[in-house]
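Here is a short tour of a few local features, meant to be read with the viewer open. Please keep the sequence and the structure at hand as you go.

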Amino acid sequence: MIKSLLKRPYFIYSFLALFLFLGIFGYNSINRKLFPNSNRPEVAVVIVEPGASAKEIASNVAVPVERELYTLDRIRRVYSTTIDEVTVIHAEFNYGKNIDAATTEVTQALSKIKNDLPPDIREPQVYKIDDTLQPIVVISVSSKKLPLTDVREIAENDIKDTLLKIDGVANVDVFGGYRKEVIVTPDKKKLDKYGLSPSMVIAALSKHDRDFAIGSITGNYSKVLLKIKGKRDILDKIKNIPVTRNITIGDIAKVYFGHYENSALYYGDREPAIALAVQRETNADVIKTIDKVEKTLKVIKKKYPALNFHITDTQKDTILQSTTNMFESLRDAIVMSTIVVFFFLASFRQVLVVLFTIPLVYATTVALMWLTGIEFNVVTLTAIILALGLLLDDAVVVMENIERHYRELKKPIRKAVVEGTEEIMFSDLAGTITTMAALFPIMFVGDYPQTIFRPLAGTLLLALAASYAISITAVPLLSLRLLAIKNPLILKAEEIFESIISRINNIFRMFFHNLVKKGLESKKVAAGYVLFLIFLFIMSVKGLMPIVGKELMPPMDTGIVKIGITVDPNLKIKDSEDVLKKTIKAIYSSGKVLRVSSSIGSEPGILSIGSGGGIDSISITKHHSNLC
């Protein structure tokens, strides 16, 4: 077989060139993330009941919905968070449940109990909770010339639509309060003058309930605020609504377009702003999508010179830094492995074979990753680094046996390459298959370990297959060319290094040789070896493992600090804002800060930023400039 391949070297060259090209293409095409998606399939339901207290909506809405969702197939748990007027119910499923099927089942379950829920609830909103919910980039929009109500309107109606047109962007959540509404402010003095009451204003508006969605009414000493959601073009219509035969709404109230009360606030760095949380499509590359958003943002900035845009949160820095660090680790591993190979083989020519085969194996591995749909993340890049030792094992075994036939058995170079490779190839195949057989079950262990380690095991399996294929094709061809080099300087240098390294190797070899010899000659010594190994095993299990502790995932310094502050639910949002300002000031005084993204409270249906409709809280993400 090897003889036939060596007779057709250009076939092997073309084969290797193909995978080298696919590897380069795949490297630029493979999606990049920080971690593989390890979230269990989860669906969130947001239900709004205007005017209902948290206690009422919890007992009348959240509890019946939770009870029904617990009947769904493969459901793991159901939990909810509730505030006044809003409840968010989460249905978490076991691994293996299709997220689309889960969403459909949740929607059907809601339809099933619709008649048992309060009639005044709004249409439930159902959301898929997966890794695409986390915004890949958050953009703060503020202005020193325009009020935030106008900024919010521009962000919702213009900027959001522009961002949604970007390839790879699935959704853009707008957050930060200041939502414009039509507000009717009756004048109490005029009401008293005409002998009218706020209830009569409400009654007049209620007759037009189909045209205007009437909200809540709040009393004050001099005025009454009645909130109605709508558009600018309905202002005149509302003003002309009759309260009595001769008096209209416009005669006794101020009707304007503004905002009433905020349930949420956002600060970009140190400034109050409106946040645009950009979410990606499921199969979209994070880095490429963020690059497109940043490019589009430059165009938007020119279109709206009165607005200030800042990227306050992004996944790009962390992913790029982690990818860079992993490839730097791979570079260091290749250098160190090459040095180790040289110290054991003491041959510049064999080291050259290693240096040529390593990029070929990695290019082939990346090509296979691209073809099988495996993405770049911390787990798969770790597998690539781990694969370095495995691929060197295949290459060194074949190369050393070729060298033995050539140097010790004094065979011609071509015959040494053919017979040396054929002699070892099936033993090498057996070792490779054994390692693959040990890795293969990891892909099917189930639950969280399968989700995390399946990409690692899959990448290692591809690297092993690529390593073996290169070791019996490229290594013989390269050895045929490189071992035939007869440069006197190279041969002399190899001879000197071999004599030095042989002495060092002999020291270690004789040490272990003597240990084995003594164990074979004396049963007491052999028993001592066994008892010593048992002692080390017990010490590691009983003594060391409790000390080192256990963690699900190792800690990683990304340079990001996340702060969550829970305040009294009855605290006014203005007081929460004061807490936020003091916190931001303390953060900036603590050292160099790249960006700060902070939010207060929640908006119904917005799960990607803020507290997701759950609790009144403050969340801050601080990015250092020295990501690591």
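## R404 and its surroundings

Is R404 buried, exposed or partly exposed? With a relative accessible area of 25%, R404 counts as partly exposed, because that value falls between the 20% below which a residue is buried and the 50% above which it is exposed. Bear in mind here that you are looking at a predicted model. R404 belongs to helix α13, which covers residues 378–408.

Which residues does R404 touch once its neighbours within four places in sequence are set aside? They are L409 and E423. There is also a polar contact, at 3.4 Å, that joins the side chain of R404 to the side chain of H405. If you like to check distances yourself, try R404 and A416: they are 12 residues apart in sequence, and their C-alpha atoms are 8.2 Å apart in space.

## Helices α14 and α16

Now let us turn to another helix pair. Helix α14 takes in residues 413–439, and it packs with α16 at an angle of about 155°, the two axes being 9 Å apart. That angle makes α14 roughly antiparallel to α16, because angles over 145 degrees are counted that way. The crossing of the two helices is right-handed.

Where do the two helices meet? On the α14 side the residues are I413, R414, V417 and T421, and on the α16 side they are P476, S479 and L480. As a reminder on helix geometry, an α-helix has 3.6 residues a turn, so residues three or four places apart point the same way.

How much of α16 is covered? The helix runs over residues 474–482, and 8 of its 9 residues are buried. The buried residues of α16 are A474, V475, P476, L477, L478, S479, L480 and L482.

## The four-stranded sheet

For a change of scene, here is a sheet. It is open and has 4 strands in the order β2-β3-β1-β4, paired in antiparallel fashion. Strands β2 (75–83) and β4 (125–129) stand at the edges with a single partner strand each, so one side of each has no neighbour in the sheet. From one strand to the next, the twist averages 20°.

Within the sheet, β1 (residues 42–48) pairs with β4 in the antiparallel sense over 5 bridges. V45 stands opposite V126 in β4. Helix α3 (residues 54–69) lies across β1, β2 and β3 (86–93), and runs at about 170° to β2.

Terms used. Residues are numbered from 1 along each chain as its sequence is written. This is a predicted model: local features need pLDDT of at least 70, side-chain atom pairs count only at pLDDT 80 or more; totals for chains, interfaces and linings use all residues. Side-chain values use heavy atoms; hydrogens and water are left out. Two strands pair if DSSP finds at least two bridges between them. Axes are lines fitted to C-alpha atoms, for helices over the stretch in contact, and angles run from 0 to 180 degrees between N-to-C directions. Contact means heavy atoms within 4.5 Å. Buried means under 20% relative accessible area, exposed over 50%, partly exposed in between (1.4 Å probe, protein chains only). A polar contact is a pair of N or O atoms within 3.5 Å; within protein, one must be able to donate a hydrogen and the other to accept it, and residues adjacent in sequence count only if both atoms are side-chain atoms. Angles under 35 degrees count as roughly parallel, over 145 as roughly antiparallel, 65 to 115 as roughly perpendicular and the rest as oblique. A crossing is left-handed if the near helix is turned anticlockwise from the far one by less than a right angle, and right-handed if clockwise.
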